[in-house]
Every structure is written in C-alpha cells, then in structure tokens.
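Work through the exercises below with the model open beside you. Try each task before reading its solution.

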Amino acid sequence: MLSDTIYQLLNNQVSAEQEAAYKYLQMAAWAEKEGLNGAAQFFRTHSQEEEEHRDRIFNYLIECGQPVILQTIEAPKHDFNNLLEVIHAAFEHEKKVTSMIKRIAEASFAEQDYQTFNFIQWFVAEQHEEETLFTTVLDKAKILGYEGEKQGQALYLLDQYLATAHGNAESAEADG
Ligand code: FEO
C-alpha cells in the first residue's frame with residue numbers, strides 16, 4: 001500500500017513519461033520533415049524508451065493495487081527552427097523529468113517506503129544516463145561546429161551521428 005503522496009507522485013509520473021514519449025515522437029516527425037533521418041531515428045527510439053518507462057511505473061502501481069489515472073497531455077511543440085533547438089528542448093525536458101524522479105526518491109526515503117525507494121533507483125540511474133546522452137550529443141555538435149545552420153556538412157555529420165547515438169550509449173554502458 002502506498003501513501004497518498006507517493007501514489008500521486010507515481011501516478012503523475014505515468015503521464016509525464018507519456019508526455020515525454022509524445023514530445024520525442026513529435027521531434028521525430030519534425031526531423032523526418034527536414035530530411036534528417038538520423039535524428040528522426042534517434043527521437044523515435046527515445047520515444048519508445050519513454051513508453052517503456054511509462055509501462056514500468058504503470059505496472060508498479062498495478063502491483064501495489066493502486067489505480068492508474070491518466071491525465072490530459074498538451075499537444076507538444078512541433079515547429080522548431082533547427083536541430084540544435086530540438087536537442088536543447090529535449091535536454092531541458094530530461095532535466096525536468098530528473099527533478100520529478102528525485103522528488104519521488106526523496107519522498108519515498110522520507111516516508112521509509114523502501115520498496116518504492118528501491119523501485120525508483122532504476123529511474124535515477126536512467127536519468128543520469130539520459131542526461132549524459134544529451135550532453136554527449138551537444139558536445140558532438142560543438143566539435144562539429146554545428147550552431148543551428150539549416151544545412152551543411154556539420155548538420156549532415158551530426159545527423160549521421162544521431163543515427164547511432166543510442167546504440168553507442170548502450171554499448172558504452174554494457175562495456176562499463
Ligand atoms: Fe523517462 Fe527520459 O525520462
């Protein structure tokens with residue numbers, strides 16, 4: 001049985017993960033429209049990961065005998081000026097999710113709900129990984145000299161990098 005506070009935080013997180021999935025799917029659609037196939041693949045993969053996150057919390061609530069109540073999700077931003085703006089928007093969203101996850105960790109620890117505290121550790125590690133991923137992508141953009149141009153070699157190379165960025169992050173994690 002979860003406390004009302006922990007339940008509310010986890011129930012909100014189900015919709016927050018869905019919102020993230022929705023945002024990244026819209027980013028993928030923007031990238032497709034721009035002919036940026038690597039970026040489209042990157043954001044589509046990321047959107048699917050967010051759906052997996054949603055399902056983890058959904059399943060935990062069900063296991064705890066708690067009702068899952070989905071919330072309204074606003075239509076995500078769909079008009080971006082360039083790929084750099086998209087990556088920054090995604091990174092900012094990850095930071096917001098990290099603060100929500102931290103809040104769940106703090107509340108469950110404070111209430112001595114060690115079952116939820118243990119459950120949320122996976123998300124704490126995942127948020128670290130995701131923030132590292134976006135930092136790495138932004139570093140790569142800087143190295144390539146990409147500053148938001150609508151076309152050119154740097155954009156082409158960054159798009160190519162994004163096609164494999166998820167795989168690179170996962171294999172680096174497996175190696176480590
Ligand atoms: Fe599930 Fe990227 O936060």
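**Exercise 1. Place Q13 and list its distant contacts.**

Keep in mind that this is a predicted model. Start with the contacts. Setting aside residues up to four places away in sequence, Q13 touches I57, V97, M100, I101 and I104. Next, locate the residue: Q13 belongs to helix α1, residues 4–33. Is Q13 buried or exposed? Its relative accessibility is 1%. The cut-off for buried is under 20%. Q13 therefore counts as buried.

**Exercise 2. Describe the fold and judge the overall dimensions of the chain.**

Step one: count elements. The chain has five helices and zero strands. Along the sequence the pattern reads α-α-α-α-α.

Step two: test the radius of gyration. For 176 residues, a compact globule would have a value near 16 Å. The chain has 17 Å, so the two agree.

Step three: look at the box. Along the principal axes, the C-alpha atoms fill roughly 55 × 35 × 20 Å.

Step four: check burial and contact range. Buried residues account for 43% of the 176 in the chain. Take contacts between residues at least 6 apart in sequence: 80% of them join residues at least 24 apart.

**Exercise 3. Characterise helix α4 from its span to its end.**

Begin with length. Helix α4 covers residues 114–144, which is 31 residues. From first C-alpha to last it reaches 45 Å, close to the 45 Å expected at 1.5 Å a residue. Now look for a bend. α4 bends by about 30° at I120. Then pick out the buried positions. Among them are F119, I120, F123, F134 and V137, along with the charged-type names E126 and E130. Finish just past the helix. G145 follows α4 and has a positive phi, near 75°.

**Exercise 4. Classify the F42–F43 ring pair and put it in context.**

The whole structure holds ten aromatic pairs. In one of them, the ring centres of F42 and F43 are 5.0 Å apart and the planes stand at 90°. Planes over 60 degrees apart count as edge-to-face. The F42–F43 pair is therefore edge-to-face. Both F42 and F43 are buried. Widen the view: F42 and F43 share one aromatic cluster with Y24, F91 and F134.

**Exercise 5. Find lysines placed over aromatic rings.**

Which ring lies under the charged end of K95? It is the ring of F91, with a distance of 4.6 Å to the centre. F91 also belongs to the aromatic cluster of Exercise 4. A second case is K77, which lies over the face of F80 at 5.3 Å from the ring centre.

**Exercise 6. Trace the surroundings of L158.**

Locate the residue first: L158 sits in helix α5, residues 153–175. Its relative accessible area is 0%, so L158 is buried. Now list contacts, leaving aside neighbours within four places in sequence. L158 meets L83, I87, V137, K140, A141, L144 and Y146. Of these, V137 and A141 are among the buried residues of α4. Last, compare sequence and space. L158 and L144 are 14 residues apart in sequence, and their C-alpha atoms are 7.4 Å apart.

**Exercise 7. Show which residues the loop residue H78 meets.**

H78 lies in the loop between α2 (37–63) and α3 (83–110). Beyond four places in sequence, H78 is in contact with Q26 and W30. Take M27 as a distance check. H78 and M27 are 51 residues apart along the chain, yet their C-alpha atoms are separated by 6.9 Å.

Notes
Residues are numbered from 1 along each chain as its sequence is written. This is a predicted model: local features need pLDDT of at least 70, side-chain atom pairs count only at pLDDT 80 or more; totals for chains, interfaces and linings use all residues. Side-chain values use heavy atoms; hydrogens and water are left out. Rings of Phe, Tyr and Trp (its six-membered ring) pair if their centres lie within 6.5 Å; planes under 30 degrees apart count as stacked, over 60 as edge-to-face and the rest as tilted. Buried means under 20% relative accessible area, exposed over 50%, partly exposed in between (1.4 Å probe, protein chains only). A charge sits over a ring if NZ of Lys or CZ of Arg is within 6 Å of the ring centre and within 35 degrees of the ring normal. Helices (H or I, at least four residues) and strands (E, at least two) are DSSP runs, numbered from the N terminus. The expected span of a helix is 1.5 Å times one less than its number of residues. The bend at a residue is the angle between axes fitted to the seven residues ending there and the seven starting there. The radius of gyration is taken over C-alpha atoms; the globule rule is 2.2 Å times the number of residues to the power 0.38. Contact means heavy atoms within 4.5 Å.
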